[in-house]
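Student: I have a model open and want to read it properly. Can we go through it in short steps?

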Amino acid sequence: MSTIVKITQSPFTTSVVKAEGLQINLYVPYSKTSVTIQIGSDISPVSVSTQGDIQIANPVVIVSTPNTKTLSFDINGQKTHTICVKSKSFRIDLLNIGIENIGGQDFYCYEFAVDKI
């Protein structure tokens, strides 16, 4: 059974998701027909503080490590990657590239299926 995840390229949402034990983050380049993701980057924890009715989130810092895997997908070509992380194999499929409207602005969104194989 696949785990379906969606990553939206927006300042209003996180560009990091978890699926099947993998940490996946959006990386550059990305467009309306292609996308790049990274698996296994070090990500600083996000801290949120509240001041009155306002929540303030500190920026997330993503750092590549020697174990980071960078994968490029193309909706018209390379839609699938198989990778091995910590002796476990995974298949990642790009399912869809769409547009999500958030706060009156359009942002690309990328949908993936992740399977442990």
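Tutor: Start with a definition: strands (E, at least two residues) and helices (H or I, at least four) are DSSP runs, numbered from the N terminus. This is a predicted model, where local features need pLDDT of at least 70, side-chain atom pairs count only at pLDDT 80 or more, and totals for chains, interfaces and linings use all residues. Residues are numbered from 1 along each chain as its sequence is written, and side-chain values use heavy atoms, with hydrogens and water left out.

Student: In which loop is the place of Tyr30?
Tutor: Tyr30 follows one strand and precedes another. The loop is the one between strand E3 (22–27) and strand E4 (34–39).

Student: Is Tyr30 buried, partly exposed or exposed?
Tutor: Buried means under 20% relative accessible area, exposed over 50%, and partly exposed in between (1.4 Å probe, protein chains only). Tyr30 has a relative accessible area of 31%, so this residue is partly exposed.

Student: Which residues form a nonpolar patch on the surface?
Tutor: Patches take residues with over 30% relative accessible area and no salt bridge; like charges are joined within 9 Å, nonpolar side chains (Val, Leu, Ile, Met, Phe, Trp, Tyr) within 5 Å. Accessible areas come from the Shrake-Rupley method with a 1.4 Å probe, and for residues only the protein chains shown count as cover. Together the patch has about 260 Å² of accessible area, and its members are Tyr27, Val28 and Tyr30.

Student: How many helices and strands does the protein have?
Tutor: Read the elements from the N terminus on: β-β-β-β-β-β-β-β-β-β-β-β. The count comes to zero helices and twelve strands.

Student: Which strands stand at the edges of the open sheet, and why is one side of each left without a neighbour?
Tutor: Two strands pair if DSSP finds at least two bridges between them. Four strands form the open sheet, antiparallel, in the order E2-E3-E4-E9. Each edge strand has a single partner strand, so one side has no neighbour in the sheet; the edges are E2 and strand E9 (69–74).

Student: What is the bridge partner of Val17 in E3?
Tutor: E2 and E3 run antiparallel, and four bridges join them. In E3, the partner of Val17 is Ile24.

Student: Which parts does the salt bridge of Lys6 and Glu100 tie together?
Tutor: A salt bridge is a side-chain nitrogen of Lys or Arg within 4 Å of a carboxyl oxygen of Asp or Glu. Lys6 and Glu100 qualify, with the closest N and O atoms 2.9 Å apart. Lys6 lies in strand E1 and Glu100 in strand E11 (residues 88–102), so the pair ties together parts that are 94 residues apart in sequence.

Student: The structure holds two salt bridges. In the one between Arg91 and Asp93, is Asp93 buried or exposed?
Tutor: The side chains of Arg91 and Asp93 meet at 2.8 Å, N to O. Arg91 is partly exposed at 37% relative accessible area. Asp93 has 10% relative accessibility, so Asp93 counts as buried.

Student: How far apart in space are Pro11 and Ile102, C-alpha to C-alpha?
Tutor: Pro11 lies in the loop between strand E1 (3–8) and strand E2 (16–19). Its relative accessible area is 67%, so Pro11 is exposed. In sequence, Pro11 and Ile102 are 91 residues apart; in space, C-alpha to C-alpha, the distance is 9.7 Å.
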